[in-house]
Structures are given as C-alpha cells and as structure tokens.
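Here's a quick briefing to read alongside the model. Pull up the structure and follow along, topic by topic.

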Amino acid sequence: MKADTQAKPTKLDGQPGRDFDFDVVVIGAGFAGIYMLYRLRGMGLSARLYEAGDGVGGTWYWNRYPGAACDVASLEYSYSFSEELQQEWKWSHRYAKQPEILAYINHVTDRFDLRRDMQFKTRMTSTVFAEGKRRWQIATDCGDRVSAQFCVMATGCLSAPKPIEYPGPESFKGNVYHTAYWPHERVDFSGQRVGVVGTGSSGIQCIPLIAEEAAHLHVFQRTPNFSVPARNCPMDPDYERSIKANYAELRRRERESDFGFMLVEPNTKSTFEVTPEERQREYEHRWEAGGLSYYTSFVDLMVNREANETVAEFVRTKIREKVRDPALAELLCPKGYPFGAKRVCTDTNYYETFNRDNVTLVDLRKSPIKKFTAKGLQVGDTEYELDSVVFATGFDAMTGALLNIDIRGRGGRLLKQKWAEGPRTYLGLMTEGFPNLFITTGPGSPSVLYNMVLGNEQHVDWIANCIEHLRKQDRAAIEPAVEAEQAWGEHVNEVANQTLFPLADSWYLGANVPGKPRVILPYLGGFRAYSQKCNEVVSKGYEGFALTAR
Ligand code: NAP
C-alpha cells in the first residue's frame, strides 16, 4: 500500500515524554489553525499548535493527487485578515492548484513567523478535562503531556478519509492509493492498468489526468455526480488589479452573502419568475462562466424540487452533448436526487474523458465491488485486472477527525458517546459538557457550504474574542447551556428540512459512512444569518453560554 509515509507521526525514539503548559493548544495547521495561532500571538498568550503532518496546509498538505485544485476562486479562497498579505500575494490562476495553495499557506506561516510555535508529526491522541484545575490534559502520540486552559480543535471538516471498505487489500499485488493521503513524490501511471473508485470532487479532478497517462483506466462509479466546467485559466493581471483595488469591498460583500463567493453575481430572482428562455440564458451564462455559481442561479433552487429539476436537466443535457455513446451518457447522468444536494463538482474535461478508447466506466449500481483479488478488483462475477487502484471515496466528514480523538469532558464524559446519535453543538463552536474546547467550522455551522477560508476566519475571530472576554472578566471557563444547544440543534434541523438537502445520500448527512447517524451536519441557514446570530450572542453577553468564575 502506497501512502504518505513521510508524514506519518513518529514517536520521539527512546525519549521520555515531555511536559508542557500553555494557555491554548491548537490542533491542526490548516487555514483555521494557522490564523488561530496568529490571533493568539497578537493577544500575548502562550500557545502551541500540534499537527500530524510534517508541514502546514491541512487539506492542502494531504490531498496531493493529480489535478487537486480548489473550486472557489483564489482571489476569494484566501485570507482576508491582512490587507498587506492579500495585496502582495499573486495567484497564477483563477483557481489555484494544490501546490500553489500549499506554497501560499507556507508563505503565510513564515511571513507571520508562526512556525516556531508549531510541532509537526505529532497527533493529539486524547484530551481530558481536569475539573479541579479547569484545564485540558492532552496526550500526544510522541509521548508529550500538555496542559492548557483552552483547546481549539482546528481539525478540519474533510480530514478523516474513509477507510477502504473492501476485504483483501493486503492480497492485492499492485499499488493502492487514496486521494487524501497521496505520496509526496510523483506517481507515474504510464503503461499501467489503473482503477479509480469514486466519482466525487476528488475522483472527477484526477480521472482526466490519470486517463491521459495510464494504458487503461477503469472508473468504478456508484453514484454519478453533477459536475460543471471549472474553466480554470491563467490570472488576467488587469482583472487581478481591479479586484485588489477594491478588495475590502469584495470581502464585505462575501461576508454579507450566504456562500462567500461573489465573483459571479448571485441572482435574486426565483426560477419560475422568469421565462424558460431567460432561465436557459442564466444557466448558459453560468456554464460559460464556470465554477460553482450554479447554487446562486436562482434563489429557490435548493428549496423547490421543480425549480431544482430545471438546472438538473440543464446539466444532464450538457452531459448528453459531451459523451458520444448515449448509453454511457445516461450512466453518467445523475438522477434521483436534487442538483446540489450532494456537493456539486467542477471539472476540466471530465465527461469528455469517457470518449477515450482507454477509459471504461464500471457501474457499481449493477454489481458492487466484492473484494480485492491478487490481480485487481472483483465486481460481481468479473475480475478487473489492475496495476494500481486509486480510492477517491471521500471522508468521514465534519465529525470524523474529532471523534478519532479520545475527548473527555466534565465527569469523564466521552464526546464519542455524547455524539453517538449525531453531533450536538451550540453554533458549531462548542458542545455542552466540554468547557473551553472550541471547534472551528464544526457541525452546526455553515462551514463547508461557505467559503472555508472566510468561515474559518469568522470562527477564529469569535473564539479569540471570547478568550479575550473571559480573561478580561476574570472567568475561568465557558460552555454552552444544554437548552441553548438543544434549541440550536432543533433550528439546524428545522432549516435543513425546509431544503432539498435531506433528499440525497450525501456526506452532508453522514450517509456516505456505513453506520453513521443520518443527521444534517452543516447549518443551511446561510452564512449571513449565522454570523449575525454569532454576533448577537456576544452582544447579549454570551447568551446561551455559562461562564464560570475563576
Ligand atoms: P466524496 O464527494 O464523498 O466522493 C466519494 C465518491 O466515492 C462518491 O462517488 C462515492 O459514491 C464513492 N464511494 C464512497 N465509498 C464507496 C464505496 N465503498 N464503493 C464505491 N464507491 C464509493 O469525496 P471527495 O471526492 O473526496 O470529496 C469530498 C469533498 O471534498 C467534496 O465534496 C468537496 O467539498 C471537497 N473537495 C473539493 C475539491 C475542490 O475544491 N475541487 C476537490 C476535492 C474535494 P456515493 O456517492 O455513492 O457515496
């Protein structure tokens, strides 16, 4: 099995564990963790960031597969907290590819001299709240014991890859890869028979590139996804200048929007308010513009099934135009669930790839994969002989990374037990019974449905301001009240039930992980309403939270 061995955490050989004391411990060196450290530094607090990988980047450190790129425009998918930073950094493309995003994150880390408070190749294994001391006692896999007043779990929403779900990978003589822990060195598929399992965003990005290199590519598809053209292109310097001349205004508009990307203007009309011709023009305009702007084509697309069907059928028509074999085109057409209820993918030549002679689509709906064999994969009665298998099968999203850690709050209560029926949080920021443990873009916040960099900034600012408030007020701890948490959970569900999201078996609902409770994970009420609520809670003296005297 090939994987990122360089990045596996190692124990400090033969050395006894060390003891540390910090005001704050931050877990994870992705966008959230890095900015958190920056804020804590500015507040004069002692902090250490622990990271399992051997470098910064989080998602962008691990997901190095061919074609990995962001589908939110780089000028938007970047930090806004420093005007100097956003002015000085130059993006080469409309959508940055993984190496460039990783270079950017490294640049930010060094520009603000944050690396000296980071410890890499170190995974938090447990964190236990010591009630007497009101401190978190943290253990790491390198043996360190760390005590901190606050823990910030910047562990990411899509950072716990799903394990391979088929028996016998050890019997397979070829190579096995997962898009979410790709080797650091280039993988050369030339002359190989390759299988890719999974056709979500990761699969859809890597399939066209692997097809160009491999002797033959088998794509194992369980559910077809809606994918729209990315239309990535080199950055136009005039365009970049025009954005940068008015960056603050763009950021303001992003923060006042629901999704956090504004470069293709959201439409304020509803689907059937316009003529069929106008509707078609709107969809064509967005098809030509490229990217994820379909979510904002009409205001009712995600709440009205009939409206949604108009955009779904538009995309299916495009697929039928692109794929020469009509039967194959039908297999690639998503049906039976609403457009956008599973995360829409963006692609470069994905559907066109199926016109190649060296690409075969295997429909797992007809026969699922049974097992690995020594030579490849067994699907129904057919054995597919392969040299390499790539799993692009996704993540235990939004809760996986947290629940993989032994987190115990007041009274030794295990987070995994508390969340056995699904996560319970107040605003996605904290959970009752776990004082001073903050989560960035946690379940119950807009998180993955908003521009992740800006969403993380908002959470980090909220957390930093909260910690400052506690210190100024001489309070030792904060945690949500049960009633507030319950009311927020009910609100999150109520909002979700007014949308089309529950109609798909998506990772938004945990439906992609066998045995995971089916519960809506992100907050669907939009970022604008959410951030207003967060501000309101603060202005009412942290309404819904209990603050404990020192
Ligand atoms: P994903 O969207 O969950 O897709 C996983 C794919 O694997 C699905 O097609 C799924 O089929 C299939 N699958 C899962 N388990 C399987 C099994 N046991 N057998 C066969 N097929 C199986 O995961 P992802 O593609 O890694 O993307 C996750 C998220 O990361 C995205 O939705 C997006 O938010 C983010 N992402 C973004 C970008 C970008 O910015 N362009 C790129 C990559 C990822 P089913 O649908 O039937 O479960």
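## The parallel sheet

Strand β8 (residues 193-197) runs parallel to strand β16 (residues 388-391), and four bridges pair them. Keep in mind that this is a predicted model. The points below start with the sheet those strands belong to, then move on to a pair of hairpins, some helices and a couple of loop residues.

**Strand order and pairing**

- The sheet is open and has five strands in the order β7-β16-β8-β9-β12, with parallel pairing.
- β7 (175-178) and β12 (359-363) sit at the edges with a single partner strand each, so one side of each has no neighbour in the sheet.
- From one strand to the next, the twist averages 20°.
- For the register of β8 against β16, look at Gly 195, which stands opposite Val 389, and at Val 196, which stands opposite Val 390.
- On the β7 side, β16 again pairs in the parallel sense, over four bridges, and there Phe 391 of β16 is the bridge partner of His 178.
- Which way do the side chains of β16 point? Ser 388 and Val 390 go one way, Val 389 and Phe 391 go the other, and all of them are buried.

**Two hairpins around β5**

- Strand β4 (residues 124-130) pairs with β5 in the antiparallel sense over six bridges, with Ser 126 standing opposite Ala 139 of β5.
- Those two strands make a hairpin with four residues between them, and Arg 134 in the turn has a positive phi of about 50°.
- On to the next strand: β5 and β6 (residues 145-153) run antiparallel and are joined by four bridges, with Ile 138 opposite Val 146 in β6.
- β5 and β6 form a hairpin too, with four residues between them, and in this turn Gly 143 has the positive phi, about 95°.
- As a general point, side chains in a regular strand alternate between the two faces of the sheet.
- β5 (residues 135-140) shows that alternation: Trp 136, Ile 138 and Thr 140 point to one face and are buried, while Arg 135, Gln 137 and Ala 139 point to the other and are not buried.
- So how do the register pairs fit with this? Ile 138, the partner of Val 146, belongs to the buried face of β5, whereas Ala 139, the partner of Ser 126, belongs to the other face.

**Helix α14 against helix α16**

- The axes of α14 (residues 452-472) and α16 (residues 527-539) come within 12 Å and cross at roughly 5°.
- Angles under 35 degrees count as roughly parallel, and the two helices are therefore roughly parallel to each other.
- Which residues meet here? From α14 there are Gln 458, His 459 and Trp 462, and from α16 there are Phe 527, Tyr 530, Ser 531, Cys 534 and Val 538.
- Sorted by class, that contact has five nonpolar residues, three polar ones and no charged ones.

**A bend in helix α5**

- α5 (residues 201-213) bends by about 30° at Ile 207, and a proline, Pro 208, follows within four residues.
- Both residues at that spot, Ile 207 and Pro 208, are buried.
- Other buried residues of α5 include Ser 202, Gly 203, Ile 204, Gln 205 and Cys 206, along with Ile 210 and Ala 211.

**Ala 329 in helix α10**

- Ala 329 lies in α10 (residues 326-332).
- Buried or exposed? Ala 329 has 1% relative accessibility, so it counts as buried.
- Leaving out residues up to four places away in sequence, Ala 329 touches Ile 319, Arg 320 and Val 323.
- Arg 316 is 13 residues from Ala 329 along the chain, and their C-alpha atoms are separated by 8.6 Å.

**Loop residues with positive phi**

- Asp 113 isn't a glycine, yet its phi is positive, near 55°.
- You'll find Asp 113 in the loop between α4 (98-111) and β3 (118-119), and at 39% relative accessibility it counts as partly exposed.
- Asn 349 isn't a glycine either, and its phi is positive at about 65°.
- Asn 349 sits in the loop between β11 (345-347) and α11 (350-353), where its relative accessible area of 43% makes it partly exposed.

Technical notes: Residues numbered from 1 in each chain as written. Predicted model: local features only at pLDDT ≥ 70, side-chain atom pairs only at ≥ 80, totals over all residues. Heavy atoms only, no water. Axes fitted to C-alpha atoms, helices over the stretch in contact; angles between N-to-C directions. Parallel < 35°, antiparallel > 145°, perpendicular 65-115°, else oblique. Contact = heavy atoms within 4.5 Å. Nonpolar A, V, L, I, M, F, W, Y, C, P; charged D, E, K, R; others polar. Bend = angle between axes of the 7 residues up to and from the residue. Buried < 20%, exposed > 50% of the residue type's maximum accessible area, 1.4 Å probe, protein only. Pairing = 2+ DSSP bridges.
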